[in-house]
Amino acid sequence: MKLMGNVKVPPSKSMAHRAIICASLSHGVSKIENIDFSDDIIATMEAMKALGAKIYQNKNYIEIQGINHNEDNKELKIIDCNESGSTLRFLVPISLLIPGKKKFIGRGNLGKRPLNTFYEIFEQDNIEYSFEEGILNLQLEGTLKGGEYYLAGNISSQFITGLLFTLPLINRDSKIIITTEMESKGYIDLTLSALRDFGIEIINNDYKEFIIKGNQQYKARNYRIEGDYSQATFFLAANSIGNKVEIDDVLANSAQGDKEALDILARMGMSIEWNKSKNRIVPVKNIGLKATVIDGSQCPDIIPVLSVVAALAQGTTKIIKAGRLRIKECDRLKAVASELTKLGAKIEEKEDGLIIEGVESLKGGVEVWSWKDHRIAMTLAIAATRCEEPIILKDYECISKSYPSFFDDYRRLGGIASEWNVGK
């Protein structure tokens, strides 16, 4: 089974989160085009509505009337983040711009994602808060004071992004000081790009500190979301292992950190051509895959599917600095090692990475599990294109979190994906 044809990748989930938030904080009405209504994006839309934005949904665009910051509505606001870590960590500080009590709830593993960075800020700014261990039930009341905030750069860039959204609207100047080496710089670049597009200026001193003037205003505008490199990487990886898919709506000059996939796969032997007038990547026949070292600190979301490529590359690939994959929707290092091993890959799991010894082909003929994680489900579907026998994939529906039409695209490209209702 080979995938062949042309696919338009979904709009960038990372950029959509940011554009929806910036528009919701703006004065006036913004139009955001090229939206894919995945579970995570719906979570952010509903969360901003809970804080007072008015959002009108159309087929593939939304209109947003920004929050009235002068409104004095102090009733309890319940913010349901579903399973979206971005929604949670972006909106916790933003919610402190709005008067009254806020309650954050969610599902899945979201309650297990650490929020200690915010708890330290709450203590510093005398914000009242309570939470429960293991589930998401965070209650807040108070306001951010502004000033200096010290944050580690190697935990999650989402904490920093949440503050970058919020601090420009406070009535004093602020500074975010990064106390360790910054990981996921690409995501910070996306945040700063979105903020600039909506009229907010922040000085980035080499990712060591961010200087933020207070009393700024977001400006409403029309905005189009570009294609998503994290989703494009599934098809880039597919091409690397013998499929032939042209990939549309990817910008050659994108600021997305997951664009790093192009460099990683080029080191491993993938060849492409750009049709820049159509924003299209055209695959070129690969001569052979070879192992490399992959640093997961700047692009954690694409590590699962790159592991499939590594499993079929000649030599031993090392994936390093990827410990944060253990606190995603599932423990992605454990999931990748477990499920690809079932298919015949040779993978050794390390504390913060994987060691993958390449094999000629994957066997298949077994049942594998998505771990209810969208990226694991799609990774296994791509792996199936190089399996000698079909696989059975359990809990594939989780793709709705980020790419609801993935299996529609997969079938249209020639992939075989049939639904079985086992035991029903």
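**Exercise 1. Which residue in β22 is the bridge partner of threonine 316?**

Before we start, remember that this is a predicted model.

Step 1. Find the two strands. β20 covers residues 316-320, and β22 covers residues 353-357.

Step 2. Check how they run. These two strands are antiparallel and share 4 bridges.

Step 3. Read off the partner: threonine 316 is bridged to glutamate 357.

**Exercise 2. Work out the strand order of the sheet that holds β20 and β22, then find what packs on that sheet.**

Step 1. Lay out the strands. The order is β19-β20-β22-β21, in an open sheet of 4 strands with mixed pairing.

Step 2. Look at the ends. β19 (293-295) and β21 (346-350) are the edge strands, each pairing on one side only.

Step 3. Add the twist, which averages 15° from one strand to the next.

Step 4. Bring in the helix. α10 (residues 332-342) packs on this sheet and touches β21 and β22. The direction of α10 makes about 160° with that of β21.

**Exercise 3. Now do the same for the sheet with the order β4-β5-β3-β15.**

Step 1. Here you have another open sheet of 4 strands, and its pairing is mixed.

Step 2. The edges are β4 (54-57) and β15 (222-224), and each of them pairs on one side only.

Step 3. On average, neighbouring strands are turned by 20° against each other, direction ignored.

Step 4. Zoom in on one pair: β3 (residues 29-33) and β5 (residues 61-65) are antiparallel and joined over 5 bridges. Within that pair, lysine 31 sits opposite glutamate 63 in β5.

Step 5. Put the helix on. α1 packs on the sheet, touching β3, β4, β5 and β15, and its direction makes about 30° with that of β5.

**Exercise 4. Are α1 and α2 roughly parallel or roughly antiparallel to each other?**

Step 1. Get the geometry. α1 (residues 13-24) and α2 (residues 39-50) pack at about 10°, and their axes are 10 Å apart.

Step 2. Apply the cut-off: angles under 35 degrees count as roughly parallel. The two helices are therefore roughly parallel.

Step 3. See who meets whom. Residues from α1 including Lys13, Ile20 and Ile21 meet a set in α2 that includes Ile41, Met45 and Met48. The contact residues split into 6 nonpolar, 3 polar and 2 charged.

**Exercise 5. Where does Lys13 turn up besides that helix contact?**

Step 1. Lysine 13 belongs to helix α1.

Step 2. Check the record. An unreviewed UniProt entry gives a "binding site" at Lys13, Gly85, Arg113, Gln158, Arg332, Arg375 and Lys401.

Step 3. Compare with the cavity. The lining of the largest cavity includes Lys13, Gly85, Arg113, Gln158, Arg332, Arg375 and Lys401.

How values were computed
Residues numbered from 1 in each chain as written. Predicted model: local features only at pLDDT ≥ 70, side-chain atom pairs only at ≥ 80, totals over all residues. Heavy atoms only, no water. Pairing = 2+ DSSP bridges. Axes fitted to C-alpha atoms, helices over the stretch in contact; angles between N-to-C directions. Contact = heavy atoms within 4.5 Å. Parallel < 35°, antiparallel > 145°, perpendicular 65-115°, else oblique. Nonpolar A, V, L, I, M, F, W, Y, C, P; charged D, E, K, R; others polar. UniProt positions renumbered as here; feature names shortened; annotations may be inferred. 1 Å grid on protein atoms, 1.4 Å probe; cavity = no way out; pocket = protein on both sides within 12 Å on 5 of 7 lines; lining within 4 Å.
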